[in-house]
Amino acid sequence: MQLTTIAPADYARDVLPLTGALWADGRSLERYIEDFSTIAASAFGKRRFRTIGLRVDGSIVVSCKRYEREIRCGERALRAAGIGAVFTPPELRGRGYASAMIGALLDRERAGGTDVAYLFSDIHPVFYERLGFITLPSRTISLRADALPHARLDIAAVTDRDWTAIRRCFDALDRRRPLAFKRTPLIWDWLRTLGRTQPADGQRIGRIVRRGRTVTAYVLGRRVPRLDSFALDEFGYTADAGFDAVAPLIRSAAGDLRKVNGWLPPDVARPAIPRGAVKKRKNSIMMIALLSQPARAAWRLHGAAILADDADRCWSTDHI
Ligand SMILES: CC(C)(COP(=O)(O)OP(=O)(O)OC[C@H]1O[C@@H](n2cnc3c(N)ncnc32)[C@H](O)[C@@H]1OP(=O)(O)O)[C@@H](O)C(=O)NCCC(=O)NCCS
């Protein structure tokens, strides 16, 4: 059995109707397929995204998505391969297909010079630990929206013109992180594409704060009225004015929703929001496999600190 690339149209026809029940999040099958096709056809999708799997007698017996990213570790860039949507049809499970596919993929990545493989596990991490992955801290934070301070701010919805300013806020915080996913223009473009796909039971929103003509802070997230909650995906700020604006900005983005939930923000960003209730996540547990010498060296340098800290290493915007 050989790992093969599955063309997006084949994946949409043969796999997505089976995975919709798990990952469509209430979207109709048509929209689920349409959103997949939008990502696959985007500039990022064409260059950095593939659907792959194993076939037996021509039929797909297991599949996953592969994303190409870079992880910045100090000044060094590590090549990273993200694995998402690992799926074996129910009647074919327990025959070793998923393990074989991931094993073959890791071998191919190693041979091709990839430094790190990563994924966000929705199942018990022991499955991936057996294949050589390390489980990283993955937690949620919940806050009452009315526990966030209120302030008079110049708040506006994000428009296409604001992305340069958002990048500036992101970079200001990102520079202080020893280890993070790199945000190249292609990645920003992908996030904007994702931003245009709407979850079925909520609404994606982005808000910025202006001071004079400068954007000092931004927040990206989803309003989910069914859960009475604002799902916080990421925020950024520059300088003290931006830092002070983050919590009131999130409150404003939550609007009439009573709760704010999200992944525990990366350590440099955490002081900008109140402490909240922090719990281990059962879904989207971040895991990595070290495939190269530079990756193992980076892990020797940073691994202990990463495991000792509660916080996620990435924003949920980087979830795949
Ligand atoms: C998880 C999944 C991909 C495994 O596929 P598979 O081809 O059956 O995997 P393998 O045959 O290589 O390994 C089977 C082992 O997976 C493990 N496994 C299956 N489901 C699991 C779960 N929810 N949690 C932890 N381990 C699990 C079991 O140890 C199982 O061994 P067993 O059959 O002896 O009990 C498959 O069950 C699936 O498609 N599930 C639904 C989609 C999903 O949740 N994907 C994971 C997203 S992170």
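Me: What makes Phe235 a residue with many named neighbours, and which residues does Phe235 touch, leaving aside those up to four places away in sequence?

Reply: In this predicted model, Phe235 touches Leu173, Tyr218, Val219, Val246, Ile250, Pro265, Ala269, Ala272, Ile273 and Trp315, when residues up to four places away in sequence are not counted. A contact here requires heavy atoms within 4.5 Å, so each of these residues meets that cut-off with Phe235.

Me: Which nonpolar core is the largest, and which residues have the most contacts inside it?

Reply: The largest nonpolar core has 78 residues, and those with the most contacts inside it are Tyr118, Phe230, Phe235, Ile250 and Val260. Helix α9, residues 239-254, gives the most to this core, with seven residues.

Me: How do you know where this core lies with respect to domain 1 and domain 2?

Reply: Domain 1 (3-138 + 281-318) and domain 2 (140-280) both give residues to the core, so the core lies between them. There is also a second, separate core, which has 22 residues and includes Ile83, Leu92, Tyr97 and Phe133.

Me: Why is Cys64 called buried?

Reply: Buried means under 20% relative accessible area, and Cys64 has 0% relative accessibility, so Cys64 counts as buried. Cys314, with a relative accessible area of 2%, is buried by the same cut-off.

Me: How do you know whether Cys64 and Cys314 are in or out of a disulfide?

Reply: A disulfide needs a pair of cysteine sulfur atoms within 2.5 Å. For Cys64 the nearest cysteine sulfur, that of Cys314, is 18 Å away, so Cys64 is in no disulfide. For Cys314 the nearest cysteine sulfur, that of Cys73, is 15 Å away, so Cys314 is in no disulfide either. A search of the whole structure finds zero disulfides.

Me: What makes β8 and β14 edge strands of the open sheet?

Reply: The open sheet has seven strands in the order β8-β10-β11-β12-β13-β7-β14, with mixed pairing. Strands β8 (154-157) and β14 (277-280) each have a single partner strand, so one side of each is left without a neighbour in the sheet. From one strand to the next, the twist averages 30 degrees.

Me: Why are β7 and β13 said to pair?

Reply: Pairing needs at least two bridges between two strands, and five bridges join β7 (residues 139-144) to β13 (residues 259-263), so these antiparallel strands count as paired. Within this pairing, Ser142 has Asn261 of β13 as its bridge partner.

Technical notes. Residues are numbered from 1 along each chain as its sequence is written. This is a predicted model: local features need pLDDT of at least 70, side-chain atom pairs count only at pLDDT 80 or more; totals for chains, interfaces and linings use all residues. Side-chain values use heavy atoms; hydrogens and water are left out. Helices (H or I, at least four residues) and strands (E, at least two) are DSSP runs, numbered from the N terminus. Axes are lines fitted to C-alpha atoms, for helices over the stretch in contact, and angles run from 0 to 180 degrees between N-to-C directions. A nonpolar core is a set of buried Ala, Val, Leu, Ile, Met, Phe, Trp, Tyr and Cys residues joined through side-chain atoms within 4.5 Å. Buried means under 20% relative accessible area, exposed over 50%, partly exposed in between (1.4 Å probe, protein chains only). Domain bounds come from an automatic or database domain assignment.
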